[in-house]
Amino acid sequence: MTDAFIWWLSVEFLGLIALPFTVVLFKKLPDRGYAFGKALSILSVAFLLWLAASAHILPNSRWAIILIIAILALGSFFLAIRRRHEIASFISEHRKVIIATEAIFLFSFILLAVMRAYNPDILYGEKPMDFAFLNGILRSDYFPPNDPWLSGYSISYYYFGYLMMATLTKLTGVASSVSFNFSIALVFALTAIGAFSIVYNLVKMSWGGIRTAIGFGLVAVGFLVIFANLEGVLELFHAHGLGSDGFWEWVGIKGLDHPYHSAHWYPTDHWWWWRSTRVIDTLADGVSLDYTINEFPFFSFLFADLHPHLMAMPFVLLNLAFCLEIMRSSVPLGLAWLRGNWARFLVFAICLGSLGFINTWDFPSYIFLFALVALIGAYLARGKIDIRLLRDVGIFCLALVACAVLFYLPFYRGLHMQVKGIALVGDIDTQPFHLFIFWGFLLFATISFVVAQTWDTLRERLPLRQGVLWAILIPLLPLAIWAVWALSTGAGFSVPGKLWHLLPLLAILALTLFIIIRKLQSIGQLEDESRKAPLFVLLILFTGFLLIMGCELFFVHDLFGTRMNTVFKLYYQAWVLLAIASAFGLFYLWSRRSGVTIIWKATMLRKLARASWWGICALLIACSLIYPVAATITMTDSFSREPTLDGLAFVEQSNPSESEAIKWLNSNVGGAPVIVEAAGGYFTDYFRVSARTGLPTILGCPGHELQWRGSDFPERQEDINLIYQSEDIGQVELLLRKYDVTYIYVGHLEREQYGPDVGEKFGDFMDVAFENEGVTIYQVREE
């Protein structure tokens with residue numbers, strides 16, 4: 001409880017430091033970006049620490065973090081003095097939204113912390129890797145940080161999210177096995193208030209009242225971090241013996257083939273909750289032909305891998321808020337704006353660039369979105385598109401991207417990604433049913449919003465031909481590129497088949513773009529700021545649908561050689577955009593009451609259509625909540641376990657000797673000396689010592705190193721085997737010197753792999769640094 005309070009209080013203090021800065025940065029937003037202060041402050045402290053430690057100006061230490069915070073606090077104090085009347089006025093006038101934001105943050109943090117307390121183990125999935133990076137960064141005096149699974153090398157992965165969590169861990173003094181779970185809860189809470197803030201601002205821009213804005217801000221929280229896809233409905237049918245074998249074969253989700261009868265209302269078969277993230281697939285005789293990953297935020301928080309796509313969400317929303325700020329700017333972006341707003345520009349660049357360092361997949365998408373809103377914002381401010389406007393926006397965007405990359409150049413110089421380029425998605429397309437199951441309610445809500453916007457736009461009676469051609473041609477451009485590429489390489493893919501498959505998505509994109517163009521053509525009416533909110537939502541919808549369609553045409557050709565990761569990463573980005581758009585879309589339809597039914601003049605038909613629409617909406621909402629409730633019950637064992645937030649408590653229960661050894665290493669071994677442990681495969685427990693201590697080992701997880709560096713280092717595996725098995729002491733000593741080894745770990749896994757007497761020879765030429773009933777740790781003697 002004390003650790004949780006210290007963690008929460010530290011984040012609150014950082015948020016307080018950021019308040020004067022957010023008031024200045026988000027001048028055009030009704031809540032002045034208050035909700036993003038915490039994320040901005042955490043990012044700023046970690047960024048400055050990373051710069052200083054990379055340049056060897058400051059070490060990665062607690063006192064350095066405190067010094068950086070003190071400098072930021074001093075700057076915040078002077079800015080607060082200069083803007084005291086503005087800040088005081090903001091707090092006085094917006095105290096309700098401030099209280100709401102803090103309440104949501106605290107409740108969300110407690111909610112996830114409680115859920116993690118009943119399922120805290122840092123054990124399966126990618127958690128060992130995430131924990132290894134967290135601990136490796138904590139043990140690194142300077143950056144780039146050591147790779148705990150490959151001694152002598154630095155981390156070759158986008159690690160800024162881990163660095164931010166490690167910074168908070170050092171600051172608070174909380175054990176990393178506990179801070180790992182606090183980090184999950186913190187990201188959840190930051191994401192919740194980020195979604196709340198964006199939709200709150202959009203509703204206020206549309207002249208919604210304070211209660212309405214807060215209410216739909218809460219709706220956005222639910223849509224983004226609580227809702228799930230509709231696969232949970234299928235799991236209920238499957239768990240209660242419903243559906244024939246033919247039906248489940250048509251459903252085509254791996255594992256949903258033989259219905260059973262659960263003893264409870266929720267599914268109980270082994271790892272049933274996993275299938276919701278493997279919906280997009282094509283099966284042939286039970287074999288996956290198009291295996292993909294389709295995570296969504298609730299699953300990520302429940303499964304609790306502290307992975308980049310999860311940690312990026314608060315900072316994705318921060319950049320989305322900057323996009324909204326740019327959209328509302330009354331001054332066109334360009335050289336004049338840069339000269340007068342250079343400090344804001346640098347913050348924009350740091351925040352945009354951070355996405356490449358946290359989760360590189362997000363970076364190109366938000367460059368596109370920044371460029372889009374910069375162009376639209378400049379057009380709205382100037383009232384026309386000409387060469388000068390295009391030049392100014394182009395300069396702004398190029399400068400922004402250049403700075404966003406330059407600020408993080410040391411990271412890119414050390415990154416070795418196993419990406420071979422872009423490849424074409426062939427004739428195995430996403431099945432429409434699978435697309436509906438995954439997107440479900442979000443698809444229904446966003447399309448309803450687009451249809452309603454279309455009707456309202458058509459009622460303005462502008463000439464219909466204006467914008468139609470561009471609205472059709474622009475969405476066809478990605479397909480045209482795909483077709484030319486496919487035909488020129490002789491891939492043999494069906495262009496008409498792909499066109500037919502993409503027709504619904506193309507229609508949605510064309511309709512969305514048509515509305516955007518028509519709204520821009522009625523530029524005089526856009527002086528009403530309330531009309532910018534739906535325009536912004538349409539822009540993020542266009543981006544979201546473009547990402548979804550992109551997964552049907554192209555994929556990043558990585559080590560796996562499939563579109564698995566492309567669907568995973570881009571669907572995740574699209575979920576964020578569609579969830580925000582859905583919340584505002586629901587407000588828009590609710591505020592109009594008639595929404596999509598206005599085309600019927602007969603009163604009874606209108607009432608029936610309205611009731612039917614809201615009935616379908618309520619049904620889909622209910623279906624989207626089945627998985628979160630059922631999966632939470634399963635993953636927490638109905639909250640029946642002894643609660644703890646220590647992610648290594650299970651080790652103490654299952655292997656007390658190893659737990660004691662790990663604690664000894666963490667308490668008594670400083671710095672990052674190399675330790676030898678048995679090396680294993682991809683998802684094994686053989687790399688547990690390096691993961692749980694951050695001490696670099698000769699080779700931890702070969703499968704991950706293969707992904708990061710293109711090699712699984714078989715020679716290192718052979719050398720580890722020789723260290724444990726060779727009877728030639730001279731050979732062993734040479735290998736220890738080769739890898740600068742300080743410790744050798746002999747525990748139950750080493751004895752299982754190399755024999756029960758594996759450690760006896762080490763006593764002849766090494767000292768016993770630690771020993772208990774099950775573990776002996778040998779230390780190289782000092783010469």
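In this predicted model, Glu677 is buried, with a relative accessible area of 0%. Its side chain and that of Arg688 meet in a salt bridge, with a distance of 3.8 Å from N to O. The two residues belong to distant parts of the chain that the pair links, since Glu677 lies in the loop between β5 (674–676) and α28 (688–693), whereas Arg688 lies in helix α28, eleven residues apart. Arg688, for its part, has a relative accessibility of 2% and therefore counts as buried. The pair does not stand alone, as Glu677 and Arg688 are joined with Glu658, Arg692 and Glu750 in a network of salt bridges.

A search of the whole structure finds 24 salt bridges, and two further examples can be described in detail. In one of them, Arg563 pairs with Glu552, the closest N and O atoms being 3.3 Å apart. Arg563 is placed in the loop between β4 (554–557) and α24 (564–592), while Glu552 is placed in the loop between α23 (532–550) and β4, so the salt bridge ties together parts that are eleven residues apart in sequence. Both Arg563 and Glu552 are buried. In the other example, the side chains of Arg382 and Asp392 form a salt bridge with an N to O distance of 3.4 Å. Here distant parts of the chain are again linked, with Arg382 in helix α17 (residues 362–382) and Asp392 in helix α18 (residues 387–406), ten residues apart. The two partners can be set side by side in terms of exposure: Arg382 is partly exposed, with a relative accessible area of 24%, whereas Asp392, at 7% relative accessibility, counts as buried. As a general point, side chains of opposite charge can pair when their charged atoms come close.

Attention may next be given to the geometry of individual helices. Helix α22 (residues 495–521) has 27 residues, and a straight helix of that number would span 39 Å at 1.5 Å a residue, but the end C-alpha atoms of α22 span only 34 Å. Along its course, α22 bends by about 55 degrees at Leu503, and a proline, Pro504, follows within four residues of that position. At the start of α22, a side-chain oxygen of Ser494 comes to within 3.0 Å of the backbone nitrogen of Gly497. Helix α6 (residues 127–139) provides a second case, in which the 13 residues should span 18 Å at 1.5 Å a residue, and the end C-alpha atoms are indeed 18 Å apart, which agrees with that expectation. Helix α6 is also mostly covered, with 13 of its 13 residues buried.

The loop that runs between α6 and α7 (160–172) contains Pro144, and the peptide bond leading from Phe143 to Pro144 is cis, with omega near 10 degrees. Backbone geometry of another kind is found at Arg32, where phi is near 55 degrees, a positive value in a residue other than glycine. Arg32 is situated in the loop between α1 (2–25) and α2 (37–54), and with a relative accessible area of 14% this residue is buried. Ala304 likewise is not a glycine and has a positive phi, of about 65 degrees. The position of Ala304 is in the loop between α12 (297–303) and α13 (308–311), and at 0% relative accessibility Ala304 counts as buried.

The surface of the model offers further features. Leu74, Phe77, Phe78 and Ile81 form a nonpolar patch there, and together these residues have about 410 Å² of accessible area. One member of the patch, Ile81, is located in helix α3 (residues 62–82), and with a relative accessibility of 40% Ile81 counts as partly exposed. Pro756, by comparison, is exposed, with a relative accessible area of 65%. This proline is found in the loop between α32 (748–754) and β7 (766–771). Between Pro756 and Val746, which are ten residues apart in sequence, the distance from C-alpha to C-alpha is 9.8 Å.

How values were computed. Residues numbered from 1 in each chain as written. Predicted model: local features only at pLDDT ≥ 70, side-chain atom pairs only at ≥ 80, totals over all residues. Heavy atoms only, no water. Expected span 1.5 Å × (residues − 1). Bend = angle between axes of the 7 residues up to and from the residue. Polar contact = N/O pair within 3.5 Å; in protein donor to acceptor, adjacent residues only side chain to side chain. Salt bridge = Lys/Arg side-chain N within 4 Å of Asp/Glu carboxyl O. Buried < 20%, exposed > 50% of the residue type's maximum accessible area, 1.4 Å probe, protein only. Patch = residues over 30% accessible without salt bridge, like charges linked within 9 Å, V, L, I, M, F, W, Y side chains within 5 Å. Areas by Shrake-Rupley, 256 points an atom, 1.4 Å probe, with all protein chains shown as cover.
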